[in-house]
Amino acid sequence: MNDKADPDVAERSNFLHDIISEDIKNGRFERSFRTRFPPEPNGYLHIGHAKAICLDFDLADEFAGTCNLRFDDTNPTTEDETYVEGIIDDLKWLGYEAENICYTSDYFEQLYAWAELLIIDGLAYIDDQSSVEISEQRGGFGKPGVESPFRSRNDDENLDLFRQMRDGVFPEGHCVLRARIDMQHDNMQMRDPVMYRIKHASHYRTGDRWCIYPTYDWAHGQGDAIEGITHSLCTLEFSNNRDLYNWFLEKLPLPNPAPYQTEFARLELTHTVTSKRKLRDLIDNGVVSSWDDPRLPTLRALKKRGYPASAIRSFCKDIGAARTNSRHAIELLESYVRVNLNAVSQRRMAILRPVKLIITNWPNDENGHPIVEWREVTNNPENELDGVRLVPFSGTLYIEQDDFQVNPPPKFFRLTPGAEVRLRSGYFITCNNFVENSSGELQEIHCTYDPATAGGKAPDNRKVKATLHWVSADHAVTGSVSLYDRLFTAELPGETTGDVMDDLNHQSVETLTNCKFEPALAETPTEVVVQFERLGYFSRDAGTPLLFHRTVGLRDEWANIQKRTKK
RNA sequence: UCGGGGAUGGUGUAAUUGGUAACACAACUGGUUCUGGUCCAGUCAUUGGGGGUUCGAGUCCUCCUCCCCGAACCA
């Protein structure tokens with residue numbers, strides 16, 4: 001399930017591609033290319049993860065290799081089964097299937113055995129100091145560390161203590177297992193890093209079998225080796241861990257060549273955040289409703305909002321991979337969504353902020369009721385196979401408030417008193433009058449129609465400057481629409497004050513409840529995205545009846561004109 | 001302060017590995033159009049700064065500047 005077949009997605013070269021080709025050419029590994037996507041199950045996947053996933057899986061696909069999904073579950077106090085399930089769902093939705101679903105916790109026994117081996121080889125020791133003492137002794141940038149007084153403990157004692165650790169003899173924090181490397185090393189990661197800590201916590205998979213848990217560094221490379229990974233791809237912040245990754249692998253009796261780590265820059269987007277902590281803060285503080293709130297950059301939120309998975313994949317492929325820290329404009333992602341949706345989504349008419357339009361010369365039938373015509377409207381001009389539908393048209397309609405102005409600004413092409421416009425697939429109409437209430441609010445617009453322009457074409461070929469969408473008042477279904485805007489006003493939230501909450505966009509969602517939809521919209525299946533003509537793409541909510549989420553608006557030249565004239 | 005990694009237009013990614021800056025987004029001009037959508041045509045950088053090697057440098061050397069990551073029993 002990948003879209004190699006998608007001609008829109010061109011393969012772009014990047015440094016990872018080059019490295020792997022080189023390794024294959026030189027026969028560095030006698031096994032085939034294999035990588036893994038290693039999330040920690042303590043939150044849901046977001047757009048940043050999508051980049052890593054696309055990289056891992058597409059590279060595997062391209063080089064005839066495989067990719068595992070591995071849950072890096074070494075910290076029982078933060079992880080949970082629900083996230084495991086959520087991540088599996090998210091990955092599937094994105095369109096990828098893992099070769100194997102693995103868990104670091106499945107390697108706990110092996111990891112433990114290897115740790116004993118290191119102790120026996122004099123390469124690890126039990127340190128009885130507290131975390132603050134250890135931290136203080138670690139030194140600083142340019143300042144060498146100090147060796148622990150327990151560093152010279154003999155191997156037999158270390159082994160004995162380690163076994164007692166495992167047996168639950170000690171309380172949390174009593175001691176840790178440390179690798180004996182070099183307290184003077186320039187790389188802080190190499191200053192006798194902690195391999196095991198005591199946690200009397202039950203793990204969502206191993207239950208109470210363990211009370212000591214391996215740290216990331218002690219588990220990751222070994223997990224890679226166990227799975228036969230060749231290329232361990234991760235983000236830039238792990239660069240400093242690479243020395244340690246290699247050190248452990250060298251000291252262990254593993255078949256060579258060992259996997260090796262290569263880092264790339266994580267995906268950052270403007271006007272949003274992608275750290276799990278910050279996402280969680282937004283949820284916990286009630287800024288957004290949950291992990292799938294459509295304003296969030298999580299995959300489940302994007303899905304709910306109507307972002308096609310294939311658009312996200314195209315985006316990730318095209319931005320490629322590099323080692324430069326960068327931040328992509330969120331508009332770029334949106335443009336991929338528009339390109340995708342423009343091709344596939346059916347067009348419908350919906351009025352978000354309705355105002356009544358009365359056609360004063362509209363004919364009545366023999367009973368004195370306005371006649372109803374069923375106008376034929378194209379479903380998608382981008383795809384003839386989508387055909388047409390019939391939309392009821394009559395003498396009383398709703399149009400968008402924005403489409404009428406009494407005193408129009410320059411370049412306003414829409415309806416104004418005296419002007420003629422087209423109602424899409426309907427008729428040309430001319431505004432003769434309008435009605436306001438005592439407080440000056442627009443109540444009704446009165447127009448006459450030209451019967452000769454049925455279907456929206458004038459026999460004399462005269463032109464109009466605008467085509468408006470409309471909904472017949474008698475046939476309209478009423479529903480609601482949620483309009484989303486960026487969650488943060490600042491490109492880089494927290495840039496000025498350091499607190500992302502200071503940059504919150506307090507108008508990031510607006511829900512309109514009196515929207516008028518053409519009848520066909522009531523038939524739209526849940527989670528399907530349609531284009532509301534002239535407005536944008538909208539996804540039907542699965543829970544709330546007749547609610548649509550705005551996926552993304554259409555490009556809006558009129559908005560640009562207004563912005564320009566303002567300057 | 002030490003170590004590691006970066007720097008190409010408004011933004012992001014490329015450049016046959018030393019051969020004369022490409023693609024996308026955004027913006028702007030104009031054209032087409034029954035969506036101010038789509039589509040089409042066009043405009044918009046000499047590669048952080050200095051010096052050097054070379055017929056030729058974004059690619060090599062050198063000095064400088066700026067930015068990111070790192071002192072968790074998180075990953």
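**Exercise 1. Asp 403**

Task: In this predicted model, work out where Asp 403 sits, whether it is buried or exposed, and which side chains it pairs with.

Solution:
- Start with the location. Asp 403 belongs to the loop that runs between strand 15 (396-400) and strand 16 (420-423).
- Next, check accessibility. The relative accessibility of Asp 403 is 2%, and buried means under 20%, so Asp 403 counts as buried.
- Now look for polar partners. The side chain of Asp 403 makes a polar contact of 3.0 Å with that of Arg 414. Another polar contact, of 2.2 Å, links the side chains of Asp 403 and Arg 534.
- Finally, fill in the surroundings. With neighbours within four places in sequence left aside, Asp 403 is in contact with Phe 412, Arg 414, Leu 415, Leu 468, His 469 and Arg 534.

**Exercise 2. RNA strand B**

Task: Describe how the protein surrounds RNA strand B, going from the overall count down to single atoms.

Solution:
- Count first. RNA strand B is surrounded by 67 residues, and the closest are Phe 141, His 328, Arg 347, Gly 455 and Arg 564.
- Then ask which part of the RNA is involved. Of the atoms of RNA strand B that come within 4 Å of the protein, 61% belong to sugar and phosphate.
- Sort the residues by character. The surface near RNA strand B has 15 nonpolar, 28 polar and 24 charged residues.
- Zoom in on His 328. An N or O atom in its side chain is 2.2 Å from a sugar or linking oxygen of RNA strand B.
- Turn to the bases. A base nitrogen of RNA strand B lies 2.7 Å from an N or O atom in the side chain of Gln 531. For Ser 425, a backbone N or O atom is 3.1 Å from a base nitrogen of the strand.
- Assign the surface to elements. Helix 5 (131-137), strand 6 (194-198), helix 12 (330-344) and helix 13 (557-566) each give two or more residues to the surface near RNA strand B. Helix 13 supplies the largest share, 5 residues.

**Exercise 3. Helix 2 against helix 11**

Task: Find how helix 2 and helix 11 are oriented to each other, and which residues make the contact.

Solution:
- Pick the two descriptors. A packed pair of helices is described by the angle between the axes and the distance between them.
- Read them off. Helix 2 (residues 47-62) packs against helix 11 (residues 309-319) at about 75°, and their axes are 9 Å apart.
- Classify the angle. Since 65 to 115 degrees counts as roughly perpendicular, helix 2 and helix 11 are roughly perpendicular to each other.
- List the residues. Helix 2 brings Ile 47, Ala 50, Lys 51, Cys 54 and Asp 58, while helix 11 brings Ile 312, Arg 313, Cys 316, Lys 317 and Ile 319.
- Sort them. The contact has 6 nonpolar, no polar and 4 charged residues.

**Exercise 4. Pro 259 and Asp 90**

Task: Place Pro 259 and Asp 90, and say what each one touches.

Solution:
- Take Pro 259. It lies in the loop between helix 8 (242-251) and strand 9 (260-264), and is buried at a relative accessible area of 4%.
- Check its contacts. Beyond four places in sequence, Pro 259 is in contact with residues including Phe 29, Arg 31, Tyr 245 and Leu 249.
- Move to Asp 90. This residue is part of helix 3 (residues 81-94) and is buried, with a relative accessible area of 4%.
- Finish with its contacts. Not counting residues up to four places away, Asp 90 touches Tyr 44, Leu 45, Leu 299 and Arg 300.

Note on methods:
Residues numbered from 1 in each chain as written. Chains lettered and ligands numbered in written order. Predicted model: local features only at pLDDT ≥ 70, side-chain atom pairs only at ≥ 80, totals over all residues. Heavy atoms only, no water. Axes fitted to C-alpha atoms, helices over the stretch in contact; angles between N-to-C directions. Parallel < 35°, antiparallel > 145°, perpendicular 65-115°, else oblique. Contact = heavy atoms within 4.5 Å. Nonpolar A, V, L, I, M, F, W, Y, C, P; charged D, E, K, R; others polar. Near = heavy atom within 4 Å. Polar contact = N/O pair within 3.5 Å; in protein donor to acceptor, adjacent residues only side chain to side chain. Buried < 20%, exposed > 50% of the residue type's maximum accessible area, 1.4 Å probe, protein only.
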